[in-house]
Structures are given as C-alpha cells and as structure tokens.
Amino acid sequence: MSAGAAVVVADLGSGNLRSVEKALDAVGARVAISGDADAIGRAEKLVVPGQGAFGACAAGLDRGGGAIRQAVLDVIRAGRPFFGICIGMQLLFAGSDENPEARGLDVLPGHVRRLAAAPGLKIPHMGWNATRRGPAAANGPAAGLADGSFFYFVHSYYPDPARAQDVALSSQHGADFCCAVGHDNVFGCQFHPEKSQAAGLALLRSFVAA
C-alpha cells in the first residue's frame, strides 16, 4: 500500500473488488476492502463497486439488518467523498427498472432505466465508448477529463437523473444516455474505470487526490 489517501472499498457481495483495489493502489491510495459496517462508516473516502443485478446489490446494503446501508449513507451525509461504480452508482437512486421491488439509497433524484431496444442494437452494451462532459463534470473526479475520453462499458441499464445539473458524463448507444453523475461529494459512473486504462486511472487518481 502507498501513503496516499485512505480509501475503503465496500464489499456488498458483488463487484470486481480486486481489480478496483489494484487500480486505486496504482493511483496512490491506501486501500482496504471491507464488508464491515463500522469500517465502511469510518471511511475517509468510500468506493462502492457493484456487478450483476440491482436487486442483489441492494440486498448487499441490507446485510446485517441494514447496517451497511446506514454506514454508506453516513459517509455521504458527512460530506466525505463517495465513488460508485456500475451498480454501485445505480444505488444512488431510489430504484431501477431491473428490480422494481429493490430499494436504492435515494441520494440523487431520478431512476435507473433499461437501454432502449432498437434494430441491430446489442443489449447488453459492451465495449469502449467516448464520453461527453455534462454540468457536474465541472467539479469532482471528472473535472480534468476531456470530451472524447473513452471508457469500458458492460451494462443494460443507465442512470436517468431528474436534475440536469447532476449529469457528469454522457455517451451514446443507439441514443444518448447519462453515464456518470455527480453532486457535491458524490460521484458515480456506469462504466468501469478499473478496466478503462489511462482515462479510468485518471478519474480514480482525481478522486484519491481530492
């Protein structure tokens, strides 16, 4: 581990935790992976990865009687930096088309929606896509990113913020869609920065350095 900022990667029972840990270590963070609510709640900076289904990741928040859910909310409400990856980002919203019965964190207004089907359009969307800056890119981890930065995606759902100012980055797959959100101390992306080479590391480096 390096001598940079202390970052806790929350273990919700899904997500590519080791790849996220290695990427954060590469950009100078001291990293700990934990599924312990107390450790998560004390995090200086918190990263929440998630893969699979929205409902399974939401269930991971509710392990131990909801203690992890509360710990994540405590970090966010305390103003400490939060970075959600893939479904870890989707959990910032109240719910998702994928599992309507599952509860997200309801931190950002909006909803998680399924990519619209179209002839010849493959869903899940997998591969490298260019991104464009939105209003929320002015501050936070995306502040230094240029328009046209490429990131690696594997997804069928995307965030649809109710407030235009919460859109940090957008991309296109058949139609335009929001692929990263930001508000105050909270940031999240639909793509995988830990799999996105230089651009992904730059995003994580900015989060760690803030």
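In what order do the 8 strands of the open sheet stand? The legends below start there.

**View 1. The open sheet of this predicted model.** Its 8 strands follow the order β2-β1-β3-β4-β12-β11-β10-β7, and their pairing is mixed. β2 (30-34) and β7 (132-133) each have a single partner strand, so they stand at the edges with one side lacking a neighbour in the sheet. Strands here are DSSP runs of E with at least two residues, helices are runs of H or I with at least four, and both are numbered from the N terminus. Two strands pair if DSSP finds at least two bridges between them.

**View 2. The edge at β7.** β7 pairs with β10 (residues 167-173) in the antiparallel sense, over 2 bridges. Look for R133, which stands opposite L169 in β10.

**View 3. S96 in its loop.** This loop runs between α5 (87-90) and β5 (110-114). S96 is buried (under 20% relative accessible area, 1.4 Å probe, protein chains only), with a value of 2%. A polar atom of the S96 side chain lies 3.0 Å from the backbone nitrogen of E98. Leaving out residues up to four places away in sequence, S96 touches F54, H111, V112 and Y157; contact means heavy atoms within 4.5 Å.

**View 4. A37 in helix α2 (residues 37-41).** A37 is buried too, at 18% relative accessible area. Beyond residues up to four places away in sequence, A37 touches A67, I68 and A71. From A37 to V72 the C-alpha to C-alpha distance is 8.2 Å, although 35 residues separate them in sequence.

**Notes.** Residues are numbered from 1 along each chain as its sequence is written, and side-chain values use heavy atoms, without hydrogens and water. In this predicted model, local features need pLDDT of at least 70 and side-chain atom pairs count only at pLDDT 80 or more, while totals for chains, interfaces and linings use all residues.

Conventions: Buried < 20%, exposed > 50% of the residue type's maximum accessible area, 1.4 Å probe, protein only. Polar contact = N/O pair within 3.5 Å; in protein donor to acceptor, adjacent residues only side chain to side chain.
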